[in-house]
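Please take a moment to look over the sequence and the three-dimensional view before reading on, and keep both at hand as you go.

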Number of protein chains: 2
Amino acid sequence: MKQRLAAIGTVEALPHRVAAFLSREIESGDLNPGSLLPTEQQLSEKFGVSRNVVREAIAQLRADGMVEARQGIGSFVLAPEQRAAIRIDRETLKEGQNMERLFELRCILEAESAALAAERRGQEHLDAIKAALDRMSGEERWEDGSIDADLLFHREIARATGNSYIHTFISFVCEQIRRSIYYARLTNPLHDLVEVNVGEHVRIYEALVAGDPAAAEAAMRAHIIGAADRVGVKLPTSRAQRADGRK
Amino acid sequence: MKQRLAAIGTVEALPHRVAAFLSREIESGDLNPGSLLPTEQQLSEKFGVSRNVVREAIAQLRADGMVEARQGIGSFVLAPEQRAAIRIDRETLKEGQNMERLFELRCILEAESAALAAERRGQEHLDAIKAALDRMSGEERWEDGSIDADLLFHREIARATGNSYIHTFISFVCEQIRRSIYYARLTNPLHDLVEVNVGEHVRIYEALVAGDPAAAEAAMRAHIIGAADRVGVKLPTSRAQRADGRK
DNA sequence: GCATTCCAGTTGTAGGATGATATGTATAAC
DNA sequence: GTTATACATATCATCCTACAACTGGAATGC
């Protein structure tokens with residue numbers, strides 16, 4: 001039986017599709033920890049791809065700590081305790097609506113991050129955030145320099161929460177978004193909107209200075225929704241509305 | 001010139017050795033971000049291995065976000081901060097207060113997840129969540145089976161948000177916490193608290209059935225704070241208080 | 001009964017062939 | 001001279017076959 005791999009119109013590479021399929025089977029429990037994966041030969045026939053492709057797919061699973069291959073025997077499914085990495089690959093990012101979901105996640109993390117930062121920030125944090133803001137405002141056009149400064153602004157806020165995990169996660173998510181925007185090569189007239197963008201950042205900064213968590217959260221939420229909008233991503237409004245209803 | 005690969009007493013596979021070598025070259029700055037890797041052919045000759053091995057090595061680097069391969073051109077070295085993967089190693093997890101930070105992150109993600117799920121859940125999601133809840137209540141003692149069911153409960157809620165990234169992040173964070181608890185081998189009398197734990201889950205479930213985002217969020221927040229407390233982790237109360245003030 | 005040998009199955013590696021894609025170049029048309 | 005088209009080249013992506021290394025168990029010999 002030849003398994004049809006998802007993704008008809010996509011451009012994903014074959015190894016990635018195979019890895020994604022197996023990964024889902026493991027996550028869903030169809031393949032129990034300790035059990036053996038089908039042989040490379042079988043998988044090759046099942047998916048209608050070469051053994052080479054299967055090997056690359058398994059190598060990816062192994063890198064993620066999901067399976068362990070042993071020569072002469074096969075690949076064992078490992079227990080989830082041993083997984084130590086989270087990964088978002090570019091192929092899945094390119095699939096249309098994923099951007100929307102990523103922005104949604106970012107909105108959640110950053111809104112709380114801003115609120116926490118408003119409570120916990122010290123003077124050195126404010127200084128670092130202000131420095132990033134100045135670098136951003138200095139640029140007349142929206143180009144690489146100001147994008148770096150923008151990211152730095154958000155990362156400094158995350159750092160001010162004092163929670164390194166929040167910092168790590170936000171850095172990661174922001175980087176994913178920046179990259180996918182870069183690859184999408186959006187041709188929007190972003191340059192005209194620099195003032196809007198800077199203005200949103202200023203409001204966040206002022207709320208942080210004031211030490212007002214609710215205001216910081218609201219300002220950040222508005223900023224993320226605006227940023228998503230500027231790259232053509234419409235966030236589901238329910239979250240925003242509920243947040244607005246609160247403040 | 002044939003390059004000698006490290007590996008004196010090692011038994012590591014060739015692709016891993018090649019990947020490690022290239023990885024070190026990138027880390028050390030010998031290969032600048034933006035530059036092209038040598039072609040597969042050249043690497044194959046340089047290391048004295050087959051192109052197949054080189055391809056698997058590059059696939060590994062790509063999976064870690066260190067390079068990006070583009071058909072017809074080559075593999076570009078990406079900037080180090082552009083990692084496509086997050087890794088959290090066990091050593092950092094063991095350091096005391098990291099648990100507290102991890103729970104804080106979990107609280108943020110899961111609270112919003114519950115709220116979103118309350119808005120978006122379909123009947124099949126409720127069924128899956130209920131099934132996990134039943135499995136959990138069925139157990140008399142707090143052991144592996146019920147821990148699995150507990151995790152499943154949370155992951156099913158995350159799945160009901162319809163946002164695969166939220167699902168991924170929550171699965172990851174929960175797994176990290178479960179793992180560190182497992183390794184810590186806490187000897188608390190957890191068994192006595194099963195009813196409390198199940199009760200908290202029931203309240204979350206009821207809020208989801210009712211489709212009440214605010215209630216779901218509050219119940220989840222209370223649950224996470226309680227769960228943290230039961231393993232001896234005190235969450236900073238500020239977040240919880242602010243949340244309470246809203247509902 | 002026990003050790004040894006052999007064999008089938010599986011992963012690991014090698015190397016070539018072909019398809020898909022990007023880039024540069026030369027040729028032709030205007 | 002400029003543009004456009006076609007071609008050649010370089011590279012990754014995939015497929016294929018073959019063989020080496022390793023494992024587990026079955027057959028064999030004693």
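What follows begins with one helix and then turns to the protein surface around a DNA strand, in a model that is predicted.

Helix 3 of chain B runs over residues 51–63, and because each residue should add 1.5 Å, its 13 residues are expected to span 18 Å, which agrees with the 18 Å that separate its end C-alpha atoms. Within this helix, the buried residues are V53(B), V54(B), E56(B), A57(B), I58(B), A59(B), L61(B) and A63(B). After helix 3 of chain B comes G65(B), a residue whose phi is positive, near 75°.

Helix 3 of chain B also has a part in the surface near DNA strand C, where it supplies at least two residues, as do helix 1 (14–28) of chain B and, from chain A, helix 3 (51–63) and strand 1 (67–70). There are 23 residues around DNA strand C, and those that come nearest are R51(A), R55(A), L14(B), S50(B) and N52(B). Among the atoms of DNA strand C that come within 4 Å of the protein, 68% belong to sugar and phosphate. Sorted by class, the surface near DNA strand C is made up of eight nonpolar, nine polar and six charged residues.

Which part of DNA strand C lies 2.8 Å from an N or O atom in the side chain of R55(A)? The partner is a phosphate oxygen, whereas for R51(A) a polar side-chain atom is found 2.8 Å from a base nitrogen of DNA strand C. From chain B, Q71(B) places a polar side-chain atom 3.1 Å from a base nitrogen of DNA strand C.

How values were computed
Residues are numbered from 1 along each chain as its sequence is written. Chains are lettered from A and ligands numbered from 1 in the order in which they are written. This is a predicted model: local features need pLDDT of at least 70, side-chain atom pairs count only at pLDDT 80 or more; totals for chains, interfaces and linings use all residues. Side-chain values use heavy atoms; hydrogens and water are left out. Helices (H or I, at least four residues) and strands (E, at least two) are DSSP runs, numbered from the N terminus. The expected span of a helix is 1.5 Å times one less than its number of residues. Buried means under 20% relative accessible area, exposed over 50%, partly exposed in between (1.4 Å probe, protein chains only). A residue is near a molecule or strand if one of its heavy atoms lies within 4 Å of it. A polar contact is a pair of N or O atoms within 3.5 Å; within protein, one must be able to donate a hydrogen and the other to accept it, and residues adjacent in sequence count only if both atoms are side-chain atoms. Ala, Val, Leu, Ile, Met, Phe, Trp, Tyr, Cys and Pro count as nonpolar, Asp, Glu, Lys and Arg as charged, and the others, Gly among them, as polar.
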